[in-house]
Each structure stands twice: as structure tokens, then as C-alpha cells.
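Ready for a few warm-up exercises? Grab the sequence and the 3D view, and try each task before reading its solution.

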Amino acid sequence: MAKNKIESITLVVNGQAYELNVGSRPGEVEPFHTLSQTLRNTLGLTGTKLSCDQGACGACTVIMNGKAVLSCKLLTVECDGKTITTIEGLRDRNTGALDPLQQAFIDHTAFQCGFCTPGMIMTAKALLNESPSPSEEEVKEALSGNFCRCISHYQVIRAVMSVAWRGR
Amino acid sequence: MGGDYKYIGKPLPRRDAADIVTGAVQYTDDLKFQNLLYGRVLRSPYAHALIKKIDKTKASALRGVKAVLTWEDIPDFRGGTPRNVRVLDKKVRYVGDAVALVAATTEEIAEEALDLIEVEYEVLPAVFDIDAALKPGAPAVYEEYPNNILPGGTIIYGENCLKGVVRGDVEKGFAEADVITEGTFGYENIPNALPPESVGAIALWEEPNKVTVWGTTQAPYLDKVTLFHVFNRQLEIRTIGPQCGGGFGTKITCWQVQSYAVLLSRATRCPVKVMYTKEEHMANFTLRVGSRISAKVGIKKDGTLTAIQGTWYVDTGYFSFTTQAQVAIGSGELMIMAQCPNWDLKNHVVVTNRNASAATRGFGGQELKCSFIPLLCLAMEKAGLDPFEVLKKNYVKPGGGYYWRDGEWYNYRGVNFAKAMDAGAERFGWKERWKGWLTPTLVDGERRRGIGVGVHGNADVGEDAAEAYVQLGYNNTATIFLCVTEHGTGQKSNYAKMAAEVLQIPPDRISMTPADSLVTPFEFGPVGSRGTYAIGSAVIRAAEDARWKLLEFAAPKLGVTPDELDTADGVIFLKSNPQKGIKWRAMGNDRTILGYGRFEPDFTMCNCMMSFVEVEVDTETGKVTLLRVVNATDVGQIIDPHGLEGQLNGCLGSAGIDSAIFEETVLDRRTGHIMNPNLIDYKWRTFAELPVLDHVVLETPFPSHRFHAVGVGEVATSPGPSAVLMAVSNAVGTWLYEYPVTPQRILRALGKTGVATGGAR
């Protein structure tokens, strides 16, 4: 039994490698910790938001190995060896410049309270990575799991489409 | 418009924009503390019960548990209106009422400890709706109120707080009417405004009697006042409002979770964080009030209202915090919408054994109108009147007036909104498309389309006092001291714009303090639509005061009087000779100049929102699709076009229009359990289902502050729900009265099914 037990895992988050011990001491990952807990509490990356914690609202979306995933629905120990980008990692690592999608959200004021914004941006970013020139319908479909209560949807669509257009 | 100003009316990026899009902005749950403990709440499984015995021995012994508190451990701390709700009591009054509090080193340990607390209950009979609560001999939720009716009025609105509307002679009014209708109509689906950020607080106790509270709040200074009373006026309280992840009015009612954090910090001497889970947020935090009106309305053939008489029943759940205030505002708001000479409108605030209702965008008025307008619709149908014309005719105009929350009469001195209503009707195509009552605008096989219209307005644009300081620095900078937390409206950026316009320096030269009651003067909080006129006025006056002191400082150096001077771009100069001047730098780096601004409440103006909606009903499946919404308003002067658009788009969310289509909190009225406290079973609109949304915004200058604007954000949600009910009724050709118009209700109305299942009632 002891031999099969995972003792540590490796995550690459925003270009930085983290080796995390599995255990219950501070700074360690418990087997029941979700990826969102690890990102927020262990790594201090609180840009990823936790809203429903049940996989229904998209607030905790991060990009893992290229795909948008709900970090509240993944156990951290399942993510061993994975490459993860969070909202904090979208800036250009060399220049510090904002990603064009982040700038588009600013230019279109595509947020109100801003709480759902990191999840919106990461979902849209994963879509754009896969499909640089999506149609408006595809953008809506991709974002249909992202809960927003202020109703910034219309401005978000404009922001995403403004970036999508550039890719054509 | 906006051309006369350098910053006002221009779409500038929000000052927090870069932090929001990079994840740097910090909400309450993102704050970091040393030695932080996590608090959790043990909640009652019963809707009404006496706690006979609590044994916390096992829970206290669990490794990592630092405190377990029950009602026996704490003094008689109370909140609510009246102040009769103990923070922890020996009686529980709804499924989820707080029984015990735990603080532990991790959330998991705190959660585990809850399971180890042993509680013996004596279960009592309970009441889950207005009918049951008001039945003679019904179980009393509070011994003090044997009829389950709370005393009317709230002391914060003064001794004469508006408790109902009595005016003119209703008998005479009904005698003059061509058509009279009466009936009982409700808006009782208790939807949840449901901001994405949950509800929570962190408290740090300092001996002997000081506490600092960080929280998910819309109104930190108000929290300081509320907590002061909860803790028997013996605590020195500092409140800090970090960025707030949506409030929609609900986050002025955080005193309970804040009190839990305070008590646990007092018991442990550590910072303690209590964050509600989404399930707690939805089942144990506040909902909209339940609203029902039994009333009679008289109208003439020309659309003149002659009399309104009836009783408004307001279900507040197990306690009230703001409900009497909502009754006062809601009643006044009905008068704004219905300029009728004869009134006799009473009300009762009823307590029931479910979680509490409290402030939510619309603040009583939305709930009352959603109940009243269906009654008015029957009268308009009988009189053969176009609802747009009736709503336009009866909305307050200059020369009209209304009773407001303090019981006083106010003559309205704002703009005539008829112009905006006409512009909205034209954009929507109301006149061409209105085919008469219960008549669809289009029939295409099984699909039928219908249109509806609603209106709402609030004289809260100038409510409650506001204070601000503006401090000038020698390097062409200014700092605004203001207890406002950003909760989504973008108003913090707008205050910087207003000060920038007064001082004629760019907004990016202006800093703002955090919303920290230790640092800032009093501010009630950006609730209702008071942000633009009330809070804006305080900031403008503080900036004007600082500017004047700056000119007074410069005048002797230039050998003139201050009124001969002006300032722009960090230079103070002679109006008669702009070449002659001195820089702000002349202040020197050992001086700051401080201006103070205060706003006194002004109830003589209101805002207005008219919503036109078009729906399509599938008569085979009963599904209602919202196709189009046109909102029409007049705001005096746009401060920020992007922010305004966002607020108006908000008509769909936060228990607004969709509370008529699919949003409801499903309460099992046999057990008191909420059946859908999660984001899967509680329905919300997705990106894939957006209607066409269009806003008509006029800018007729208001006699408000120097930029002639009034706020409008709050009311966006309010006219829509009754408009949807009207549109659906017109589409299917039969009246629908219940919210939301679920497929079951549609099919039942069409005679295609028997008794409806689901729905709130």
C-alpha cells in the first residue's frame, strides 16, 4: 500500500514548476484538495475565483494542457505533471504586456463586479487558442457555462469578438 | 451630449480594470492573514424548534478546533428590525438557522467538528407562507408577535416612517371610475439576486473591545453602525470593504455572518474567516421579499386612475432587517408610478419559518409592482386601454408628487419622463405592434408572440447622507476619502471623474482610499440608485471645497482675490489673464489641502425605467423565450457610457426579468427546506440564450448636482417581470398571474394539463 501512495506531485503553473508534497502539513497537498484550493490557498494564486464549487458556474476555470477546465472539479493529485495557466499567467512573461484578450476586456468594460471575469477570460482564451476566429455563436456556446449575474455578457462577446477578428 | 465636459460622459477605462483582468484585485476571500482560523456554522435541520440541549464536548476535543460557541456562550446580542433576532438563540426559526459556531485551523476540521456537536430539539409546528402565518391560532415565530405580524415602520426613516398610503377619498374615487377591478395577486417566488461571490467576513479582535471586520459588503460604514447596535453599543468597530463580487442590494445584510466572525475572533484572539458555501448563500442568506396584494383599482376610460385601495402582504421570512423600509419605499414608488388622487393602501409585514428576505435591487417596489400591475392590467383590459399610454399618463410629472419614506409629501421637480417613454415606444415599435389585450402579435404554428410593457422609478436617487474628503497634493494630485467599495457599478471610477472635472486634472492623478471606516467620513453605501446624485454630490462638494481653499492659498501670492482665479492642469491662474499664474507645486511638499463635502437627503427627484418586452411562447411545450427588451430612461447626463450600459443590461440578472420566466427559489412548504440551493437547480440565463437588448437613454438635464445627472442602475431589473407576464398573457390569449411562467403554468393555462407541479405556490 505504502509503495503505491503518491508522495509528491509536480505542477507547472504559469511557467513555474512546483513540486508539492502530499500530506496534511501547511504547504502540502491533501488527497482531497481540489485544484482550485491548491492554486488559491497553497500557491496563493487567488486570481482564480471560487463561486459555486460544484462545477456549475465556470468562475474557477483555468487552462490545463491547452483545455479550459473547472479547477473545482479536479483533485490536485490527479493533475500531477500537468501544465496549467491561470489568469495571473496570461501576461507576456517577457514584456509583462497584457494578453490582447485582457486588453479587449478593459477596452470594452467587459465586466462589472469582476468576480466571474477570470473564468470568462480563461474560457475564451482556451477557445481562441483552439479556434482563433470563432463565430459569435461559437463564443456564446463556449461561454455558456460561465455564470455572470451583473449581465456583462453583451460586452464580453464584443470583447472576445474584437480579438477574434484580428486573427482572420 | 457630454461635449461640454473633459471627462464626464467619456468612456474611460475603469480604474480597477487592469487588476480585474489580471486577477490581482482582491475580494474578501482573497485576503491573506497570519494565523487565520476558519469558522463554520451548525445549522438547524428543523424549521421551528426549541434547543433542549447542546453537547459540544466532542467537537471541542477535536484536534485543531479552537472554539465552539452556542447560545449559552454568548450575551444577548441582537439584530433585525425590530431588534429581536439573537445572533444565536435557544430557538431556531427556519431550516438552516444558526445553532452553533466553530472555529478551527482548517475548513475541513471545522466542518468535521459540526458533526460532533450533539443537539436535542423539541420540534414545533411551523408556518411557511402568508396564509398559514395569518391563520388564527397559527404557531408564532416570535412570542412577542403572536399574530406573526411585525410592527410597521423603521426608526431609520424617522418617527413618521411611511407605513401605507392614505390620501383623498377612495369612495369618491371609485364612484368616479368607469371601470373597477379587484383581486389578489402575488410575486411570491422569492428569487435570489445571487451574486457570484458568496457572503462572508473576517474579523480580528483586539483587547479589550475593538474589532476590525473585512467583509463581502456593499456598505461598510453602514455595517459599522449595524454591528455597533448588535453588540449593545459597547464595541469599537472598524469596517473595511474590499472589492465586492456583486451585491444587487443583498450585501447590506451581512450582519449575521459578520457577527459570527466577531464572536469567534473574540473567543480565539485570532483572525477568523467565515465564508458561506454557495449552498449556504442560497439557503441561509437573504431572498427577495414575498409580495401579495389584495386590492381594488378604479380607472376612467381616458386612463385616469381614480382610486387604489387594498392591503399589501409582505412575507419577510424569519426576520426583517430592511423589510419595513422596503414597504415604505415600495409604497412611495407605487405612488410615483400611479399618480392617483385617492388611496387607502395598508400593509402587513409577515414572519414565516423560512430564511429571511431583505434588500434586493428593486427594494420593495419591484415586488409591489409585480403584484399590482397584473390587477391594473385587468382594469386596463376592461376599459379597452393601451397599457403604454396608461403607464405614461400616470407616471409622476413636474407638478405631481408622492409621499416618501419619512411620511412627508414631496413635490416632484425632476424632468418629464414621457419623452423617454415615447422614444422607447418608438424604438420598440409599440404602436404598430400593440394589437389589444390577450391578442398575440404573431401566430406561427405552435409559436405565438406577445408584447408587454412595465415601468418603475425610485426617489432614492437623493436618499441618505453622504460625506467625502478630497485632499490635494502639491504634485497635481488628489485623494478622495470615501467609504465606497466597488461592487460592480463602476461608481468609484465615476467619482474620480467627477473630482477630475471639478479640479481639472486627469482622473489618473486621483487616488482613492480603501473603503475603511477608520480613514473615511460617513457614507451610507451605494444602495438603490443614490450613487450618482447623493454620493456624487458629496465628492463634488469636497472637490469644490478643496479647490476653493487652493485658490485662497494662491490668491495673496498673485495679489488678487480667490474668485478672480481658476485652476486647470495643476496651474492656478487669473481668469482675466491665464498667462499669469502659479503651479500647485507652490503648495510645497509640506502641505496638503483638505476639502470636505456633505450631501443632505433630497427626495424631490426620482429616476424612471420603462421596459418593453417581446416573448415567444411555444404552445406545444410551454416554453417561453424572451426575444427582445427595450429599456427607456432619462438620466440627465451620462457619466460613463460603458458602465451605464452594463447597469441597464443588468435588467436580466439579479432576480430581474428572469424572475418572471424561470427564476425561483423552490421552498418545500411542508418541511421548510429549500429544494434548489445550487447553481444547477436554480435556473439562470446563459450566453446561449441572450435576447436582443436595446436601451434608449435621454439626457435632459436634472436640477441635481453640477453635472445634472441622476442614478438609474438599481431600477433596471424592476419593470421587466410584470411586462413579461403581460406579454405572455397576450401571446397565449389567456391571463397568467403567477411568477415565473413555467412551462407547466403555460400548459395549464392553455388547458393542456391538469394541476401544475413546481413553482413557488
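Helices, written H or I and at least four residues long, and strands, written E and at least two long, are DSSP runs numbered from the N terminus. Keep in mind that this is a predicted model.

**Exercise 1. Locate A:Thr109 and decide: buried or exposed?**

Step 1: Look between H2 and H3 of chain A, since A:Thr109 sits in the loop there.
Step 2: Check the backbone: phi of A:Thr109 is near 45°, a positive value in a residue other than glycine.
Step 3: Count neighbours. A residue is buried if 20 or more other C-beta atoms lie within 10 Å of its own. A:Thr109 has 25 other C-beta atoms within 10 Å, so A:Thr109 is buried.

**Exercise 2. Do the same for B:Asn476: which class does B:Asn476 fall into?**

Step 1: Go to the loop between strand S23 (466–473) and strand S24 (477–481) of chain B, where B:Asn476 is found.
Step 2: Phi is positive here too, at about 55°, although B:Asn476 is not a glycine.
Step 3: Partly exposed covers the counts between 12 or fewer (exposed) and 20 or more (buried). B:Asn476 has 17 C-beta neighbours inside 10 Å, so B:Asn476 counts as partly exposed.

**Exercise 3. Find where cis peptide bonds join B:Thr81 to B:Pro82 and B:Glu207 to B:Pro208.**

Step 1: Start with B:Thr81 and B:Pro82, whose cis bond has an omega of about -5°. B:Pro82 belongs to the loop between strand S4 (78–79) and strand S5 (85–86) of chain B.
Step 2: Move on to B:Glu207 and B:Pro208, joined by a cis bond with omega about -5°. For B:Pro208, the loop is the one between strand S12 (200–206) and strand S13 (210–215) of chain B.

**Exercise 4. Work out how the two domains of chain A meet.**

Step 1: Mark domain 1 (8–89) and domain 2 (100–166), as the domain assignment gives them.
Step 2: Their C-alpha centres lie 22 Å apart. The contact takes 15 residues from domain 1 of chain A and 13 residues from domain 2 of chain A.
Step 3: On the domain 1 side, strand S3 (61–64) and strand S4 (67–70) of chain A each give two or more residues, and S3(A) gives the most, with three residues.

**Exercise 5. How many residues of chain A are in contact with chain B?**

Step 1: The tally is 41 residues of chain A against 42 residues of chain B.
Step 2: Helix H2 (100–107), helix H3 (117–130), helix H4 (136–142) and helix H5 (153–166) each supply at least two residues of chain A's side.
Step 3: By class, that side has 19 nonpolar, 16 polar and six charged residues.

Terms used: Residues numbered from 1 in each chain as written. Chains lettered and ligands numbered in written order. Predicted model: local features only at pLDDT ≥ 70, side-chain atom pairs only at ≥ 80, totals over all residues. Contact = placed C-beta atoms within 7 Å. Nonpolar A, V, L, I, M, F, W, Y, C, P; charged D, E, K, R; others polar. Domains from an automatic or database assignment.
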